[in-house]
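Welcome, and thanks for opening the viewer. Let us walk through this model one selection at a time.

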Amino acid sequence: VILNVGHVLDFFIDERNDVKEVCKITGLPVRGSGENPPNFDASRPFSPSDFRPEAGVVNYYHSKDSLTGHVDRSELNMNAPLVSFSFGHCCVFLIGGSSRDEAPVAFYIRSGDIIILSGPARRAYHGVPRIIENSLPTYLGPESDPDHSWNIYADYIKEARININVRQVFY
């Protein structure tokens, strides 16, 4: 299950990238002609002070779920980093190169880990082939809450992983 959050709720851009729509809140193009906006210098390194979190994606995984290897192509600004927060069970995260021919590198992602994809990694194939069962940290389980107010969440997260990633969509 995927949920979009933020003031830019529907930022996914189709492959043609030639439909012009304007965000009602920001007035910026949601879909564009594929051209950079005026005064945009793609060769300039992206500075952390330039990052404007405009949208997020919440991915809900259950223990047998996976996310196929893919390249993000929806944001107009691919120079901006993607910041990813993981909660719940651990997973295997794979990141490769700009084609499926390049062998990926595997990372073991734990609850609480943060990944920042920037530079060439923003255009790299990546995915989650496996959620690691029985890897939930004890602090997220029902036994961690003596007054049981966490139980409704603990019941869900006991077989799940949640990933929240934050993106800058526009230039």
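Before the first selection, two terms: two strands pair if DSSP finds at least two bridges between them. Helices (H or I, at least four residues) and strands (E, at least two) are DSSP runs, numbered from the N terminus. This is a predicted model, so local features need pLDDT of at least 70 and side-chain atom pairs count only at pLDDT 80 or more, while totals for chains, interfaces and linings use all residues. Residues are numbered from 1 along each chain as its sequence is written, and side-chain values use heavy atoms, with hydrogens and water left out.

**Stop 1: the whole chain**

Show the protein chain as a cartoon, and you should find 1 helix and 11 strands. Followed along the sequence, the pattern is β-β-β-β-β-β-β-β-β-β-α-β. Next, switch on the surface: the accessible area of the protein chain is about 10100 Å², and 57% of that belongs to carbon and sulfur atoms. These areas come from the Shrake-Rupley method with a 1.4 Å probe; for residues, only the protein chains shown count as cover. Of the 171 residues in the protein chain, 38% are buried. Buried means under 20% relative accessible area, exposed over 50%, and partly exposed in between (1.4 Å probe, protein chains only).

How far apart in sequence are the residues that touch? Among contacts in the protein chain between residues at least 6 apart in sequence, 77% join residues at least 24 apart; contact means heavy atoms within 4.5 Å.

**Stop 2: an open sheet**

Select S5, S10, S7 and S8. These 4 strands form an open sheet in the order S5-S10-S7-S8, with antiparallel pairing. At the edges are strand S5 (67–70) and strand S8 (105–109), each pairing on one side only. From one strand to the next, the twist averages 25 degrees. Axes here are lines fitted to C-alpha atoms, for helices over the stretch in contact, and angles run from 0 to 180 degrees between N-to-C directions.

Now zoom in on S7 (residues 91–95) and S8, which run antiparallel and are joined by 5 bridges. Which residue of S8 stands opposite leucine 94? Look across and you will meet alanine 106.

**Stop 3: the nonpolar cores**

Show side chains for Tyr61, Leu82, Cys91, Phe93, Ile95, Ile109, Ile115, Leu117, Ala124, Val128 and Ile131: these 11 residues make up the largest nonpolar core. Such a core is a set of buried Ala, Val, Leu, Ile, Met, Phe, Trp, Tyr and Cys residues joined through side-chain atoms within 4.5 Å. Two or more residues each come from S7, strand S9 (114–117) and strand S10 (126–131), and S7 gives the largest share, 3 residues. Another core, of 5 residues, lies apart from this one and includes Val58, Leu136, Leu140 and Ile162.

Center on isoleucine 109. Beyond its neighbours within four places in sequence, isoleucine 109 is in contact with Ser86, Cys90, Cys91, Phe93, Ile115 and Arg161.

**Stop 4: two cysteines**

Select cysteine 90 and cysteine 91. Why is there no bond from cysteine 90 to another cysteine sulfur? The closest one, in cysteine 91, is 7.7 Å away, which is too far. The whole structure holds 0 disulfides, a disulfide being a pair of cysteine sulfur atoms within 2.5 Å. Cysteine 90 is buried at 6% relative accessible area, and cysteine 91 is buried at 0%.

**Stop 5: strand S6 and its partners**

Highlight strand S6 (residues 82–88), where 5 of the 7 residues are buried. S6 pairs with S9 in the antiparallel sense over 4 bridges, and with strand S11 (residues 160–167), also antiparallel, over 7 bridges. Leucine 82 lets you see both pairings: its bridge partner in S9 is leucine 117, and in S11 it is arginine 167.

**Stop 6: loops**

Move to serine 111, in the loop between S8 and S9. Is serine 111 buried or exposed? At 13% relative accessibility, serine 111 counts as buried. Serine 111 and glycine 88 are 23 residues apart in sequence, with their C-alpha atoms 5.2 Å apart in space.

Finish in the loop between S10 and helix H1 (151–157), where asparagine 134 is found; histidine 148 lies there as well. Most residues other than glycine have a negative phi. Asparagine 134, however, has a positive phi of about 60 degrees, and phi of histidine 148 is near 65 degrees. Asparagine 134 is exposed at 78% relative accessibility, and histidine 148 is exposed at 52%.
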